[in-house]
Amino acid sequence: MVATYSGGFQYFKYGVPKYCALFLEHLLANGNIINLGSKPKSKFFKMPNMVFKVLNNPNIKIIFFILNTMEEEQKVRESYKKRLDRYKNYNIKEYLHYIDGYKLKTDYYFIQYIPNGLKNKIVLDIGPFVPFDAVYWASTVKEYHAIDLSQEVVDFGNQYIKKELQEDLVKKIKYQQANALNLPYQDNYFDVVYAFSTIDHVPGKERRDKIFSEIARVTKKRGFVIITLPNRLNFIYYYRNMRLQKKGKYPISLEIWYTPKELKKILIKNNLRPLLFKSSAGDNTRDVPVISDIYNMLVRKFGVRMGWLAQKY
Ligand SMILES: C[S@@+](CC[C@H](N)C(=O)[O-])C[C@H]1O[C@@H](n2cnc3c(N)ncnc32)[C@H](O)[C@@H]1O
């Protein structure tokens with residue numbers, strides 16, 4: 001059975017992307033031809049039996065799934081390439097808001113709990129986008145490695161590093177293109193591995209699970225891992241975000257939200273012992289001592305960005 005491409009595939013349950021037909025031809029090449037034509041809706045309804053036969057083939061389901069995730073990943077890659085424009089002339093005020101509201105309360109908060117922070121550590125940063133963190137920590141670390149999905153993002157990042165840092169510090173940073181699904185590093189190499197708000201942009205649960213196991217693989221025994229993700233317990237932001245994603249209006253095309261417990265379980269499954277939880281809710285300054293403490297206690301689970309510091313055992 002051979003299926004030829006039609007734009008109409010998008011109407012099917014598994015939402016097949018354009019290049020699907022090529023795979024179908026290889027998989028089902030025994031003579032019959034299904035041509036779904038260029039007016040998909042009408043032709044689709046003329047031959048439901050054949051279509052269902054094809055769709056119910058388990059191999060096809062797997063292929064649909066793989067192709068879908070490939071297409072979703074491509075969309076994520078494209079959306080970050082587009083986002084680069086904002087950073088070519090970025091407004092430092094906007095970025096300070098992000099640092100103050102999210103990164104200091106989670107990402108950097110966790111780093112300060114690692115004994116001696118990142119001092120003389122070999123660090124891996126998964127999905128830095130514009131490598132603000134690399135520039136910030138370069139003078140402290142021994143080696144700073146980073147990977148991101150698209151070459152354009154990495155090229156821009158490397159230019160940014162050269163612009164911001166002196167040569168001796170630039171040499172410490174190796175920012176290269178790679179997919180976190182297959183980290184291009186040997187086992188047990190890093191003292192600290194972090195993925196700040198990155199794994200949520202990876203389509204496919206199995207693929208995200210693979211990234212967690214890759215992170216555990218490249219971390220040294222007793223090394224530290226920090227994962228931050230958007231928090232599903234922040235119901236308001238979660239539902240707002242889901243609505244935008246469903247309508248196709250969310251600028252990053254895909255963002256998967258986790259609960260703190262879900263993330264904790266995944267870490268434990270990968271031999272990473274969770275040490276400390278923190279979310280972006282709460283008041284780090286404790287300006288009004290007792291009231292701040294009570295407030296922090298009540299809201300601590302619900303911040304829109306949350307994560308764990310964990311240690312490999
Ligand atoms: C929200 S940005 C994270 C920015 C930065 N880490 C921070 O703390 O602000 C997510 C980044 O993850 C990257 N990314 C998404 N999927 C990836 C994958 N499978 N492998 C490597 N990087 C990925 C994206 O290209 C993007 O640059």
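Colleague: What makes the largest nonpolar core count as one, and which residues have the most contacts inside it?
Modeller: A nonpolar core is a set of buried Ala, Val, Leu, Ile, Met, Phe, Trp, Tyr and Cys residues joined through C-beta atoms within 7 Å. The largest such set here has 54 residues. Val-123, Ala-134, Tyr-144, Val-193, Ile-215, Val-225 and Ile-227 have the most contacts inside it. Strand β6 (residues 190–196) gives the most to this core, namely six residues. The model is predicted: local features need pLDDT of at least 70, side-chain atom pairs count only at pLDDT 80 or more, and totals for chains, interfaces and linings use all residues. Residue numbers run from 1 along each chain as its sequence is written.

Colleague: What is Val-225 in contact with, leaving aside its neighbours within four places in sequence?
Modeller: Contact means that two C-beta atoms, placed from the backbone, lie within 7 Å. By that test Val-225 has Val-193, Ile-215, Thr-219, Leu-272, Ala-310 and Lys-312 as partners, its neighbours within four places left aside.

Colleague: Why is Phe-129 called buried or exposed?
Modeller: The cut-offs are these: 20 or more other C-beta atoms within 10 Å is buried, 12 or fewer is exposed, and in between is partly exposed, with C-beta atoms placed from the backbone. Phe-129 has 23, so it is buried. Its place is the loop between β3 and α7 (132–137). Outside four places in sequence, Phe-129 is in contact with Tyr-80, Asp-148 and Val-153. Arg-83 is 46 residues away in sequence, and the two C-alpha atoms are 9.6 Å apart.

Colleague: Which residues are closest to the ligand, and how many surround it?
Modeller: A residue is near if its C-beta atom, placed from the backbone, lies within 6 Å of the molecule. The ligand has 20 residues around it. Phe-129 is among the closest, with Gly-127, Ala-180, Phe-196 and Thr-198. By class the shell has twelve nonpolar, six polar and two charged residues. Here Ala, Val, Leu, Ile, Met, Phe, Trp, Tyr, Cys and Pro are nonpolar, Asp, Glu, Lys and Arg charged, and the others, Gly among them, polar. Helix α4 (58–88) and strand β4 (143–148) each supply at least two residues of that shell.

Colleague: Phe-65 lies in α4. Why does Phe-65 count as it does, buried or exposed?
Modeller: Neither label fits: 14 C-beta neighbours inside 10 Å make Phe-65 partly exposed. Phe-65 and Gly-204 are 139 residues apart in sequence, but 8.6 Å apart from C-alpha to C-alpha.

Colleague: How do you know what span helix α11 should have?
Modeller: Helices are DSSP runs of H or I, at least four residues; strands are runs of E, at least two; both are numbered from the N terminus. The expected span is 1.5 Å times one less than the number of residues. For the twelve residues of α11 (residues 235–246) that gives 16 Å, and the end C-alpha atoms are 16 Å apart, so the two agree. α11 is hardly covered, with zero buried residues.

Colleague: Which residues of α10 are buried?
Modeller: Ile-211, Phe-212, Ile-215, Ala-216 and Val-218. Their cover includes β3 (122–126), β6, β7 (219–230), α12 (260–269), β8 (272–279) and β9 (305–312).

Colleague: What is Ser-280 called, buried or exposed, and why?
Modeller: Ser-280 has 25 C-beta neighbours inside 10 Å, so it counts as buried. Ser-280 sits in the loop between β8 and α13 (289–299). Lys-103 is 177 residues away along the chain, with 8.0 Å between the C-alpha atoms.

Colleague: What makes the phi of Asn-120 worth a remark?
Modeller: Most residues other than glycine have a negative phi. Asn-120 is not a glycine, yet its phi is positive, about 55 degrees. Asn-120 has 11 C-beta neighbours inside 10 Å, so it counts as exposed. Asn-271 also has a positive phi, near 60 degrees. Asn-271 has 15 such neighbours, and therefore counts as partly exposed.

Colleague: What is the mean pLDDT of the chain?
Modeller: pLDDT is the predictor's confidence in each residue, from 0 to 100. The chain's mean is 84, and 82% of its residues reach 70 or more. Over residues 1–19 the pLDDT is below 50. Over residues 25–45 the pLDDT is below 50 as well. Where pLDDT is low, the predicted coordinates should not be read in detail.
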